Amino acid sequence: MRPHEFKYENPNHLFFVCRKILFKNGIKLDYEDQVGLKGICEKVFFFQEKYEDLIRQLELRELTRIFTYKLFQSYDADSLRDNLESFVEVFRRYQQIVKEETPDRNEYRDLYDEYYKPIIIREKFWSSADKRYKHLAKKFLEKQKEIEKKHGVYFLYDHDKQLIYIGKSVHDLWGRIISSAKERNAVYYSYALTKTKSDTSVYEMYYISKYKPKLNNDGKYNDEVTISLPDLEFTELQFVYQEDEEEFENGQVQTNTR
């Protein structure tokens, strides 16, 4: 467990927290409802315990956090029922994911976008692909407060400024760009904010179909796009990482002239 990370001690602990959340929201449960809530808490807790490492590896939110989030959004019997039904579907898909030997994120795009858990953002990390330490660019770090809670579409580029991947985020654009850039060893990025989450999904697939980046799979066909959408306003290409100084594993530092 990471420092200062909250963790439920047992199913009863989770149950008491959930019951308190509902009580604060004005929802009082009768005996049968409490028994039902306790049963759900047990299933959720033990599932999270069993697959905690895999869920963390996949960078998804803990199922316990999703469950309590759904309860926080419940203010009467109707909203509670709707949110529980929504959670049951999320739980079902989590169960499906953990049964697969090699889960494919493309099969769960909406789930990852909604419940994606960015890795801890570190300004410096070891890149196994480049065999060196890499530092996030200062300008990129300064973007955190501006776009971390925004939704939009992003483009990733290689050293030659060739477009290699197009992605989106409807939850945390800043964190998603970082994780995606690390995963695909990107060097440059640009992004555009969208007005709605629905616009985000439409524009992602539109640009993938139009530009066909080599690292995208969905939305790439041999034919051409025959529709035209108004272009989004993308930022200029910027470095994901600092390019003036690179620290190697043995402590040596190389100064680049790029």
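**Notebook: helices α1 and α5, the cysteines and the core**

I began with helix α5, residues 77-98, which has 22 residues and reaches 32 Å from its first C-alpha to its last, close to the 32 Å expected at 1.5 Å a residue. I keep in mind throughout that this is a predicted model.

I then looked up which residues of α5 are buried, and the list is S79, L80, N83, F87, V90, F91, R93, Y94, I97 and V98. They lie on the same side of α5, because they cover an arc of only 165° around the axis. On the other side of α5 I found A77, E85 and V88 exposed. At the N-terminal end of α5 I noted D76 as the cap, with a side-chain oxygen 3.2 Å from the backbone nitrogen of D78.

**Helix α1**

I turned next to α1, residues 11-24, which has 14 residues and reaches 20 Å from its first C-alpha to its last, close to the 20 Å expected at 1.5 Å a residue. Its buried residues are P11, L14, F15, C18, I21 and L22. Seen down the axis of α1, these buried residues fall within an arc of 125°, so they line one face of the helix. I checked what that face meets, and the buried residues of α1 pack against α2, α4 and α5. On the other side of α1, F23 and K24 are exposed.

For the N-terminal end of α1 I recorded N10 as the cap, a side-chain oxygen of N10 lying 3.1 Å from the backbone nitrogen of N12. After α1 comes G26, whose phi is positive, near 85°.

**N25, in the loop after α1**

I looked up N25, which is found in the loop between α1 and α2. Is N25 buried or exposed? With a relative accessible area of 17%, N25 is buried. I found a polar atom of the N25 side chain 2.8 Å from the backbone oxygen of S74. Leaving aside neighbours within four places in sequence, N25 is in contact with L71, F72, S74 and Y75, so S74 appears here as well.

**Cysteines**

I searched for disulfides and the structure holds zero. C18 is in no disulfide, and the nearest cysteine sulfur, that of C41, is 3.9 Å away; C41 likewise is in no disulfide, its nearest cysteine sulfur being that of C18. I wanted to know why this pair is not counted, and the reason is the cut-off, because a disulfide needs the two sulfur atoms within 2.5 Å. I also looked up the accessibility of the two cysteines: C18 counts as buried at 0% relative accessibility, and C41 is buried with a relative accessible area of 0%.

**Nonpolar cores**

I listed the largest nonpolar core, which has 29 residues, and among its members L37, L63 and Y94 touch the most others. The helices α1, α2 (31-50), α4 (63-72) and α5 each supply at least two residues of this core. Which helix gives the most to the core? I found that α5 does, with seven residues.

I followed L37 further and, not counting residues up to four places away in sequence, L37 touches F15, C18, R19, L22, L29 and F67. Of these partners, F15, C18 and L22 are among the buried residues of α1.

My last entry is a second, separate core of 18 residues, which includes F140, L156, I178 and Y241.

Definitions and conventions
Residues numbered from 1 in each chain as written. Predicted model: local features only at pLDDT ≥ 70, side-chain atom pairs only at ≥ 80, totals over all residues. Heavy atoms only, no water. Helix = DSSP H or I, 4+ residues; strand = E, 2+ residues; numbered from the N terminus. Expected span 1.5 Å × (residues − 1). Buried < 20%, exposed > 50% of the residue type's maximum accessible area, 1.4 Å probe, protein only. Arc of directions from axis to C-beta. Polar contact = N/O pair within 3.5 Å; in protein donor to acceptor, adjacent residues only side chain to side chain. Core = buried A, V, L, I, M, F, W, Y, C linked by side-chain atoms within 4.5 Å. Contact = heavy atoms within 4.5 Å.
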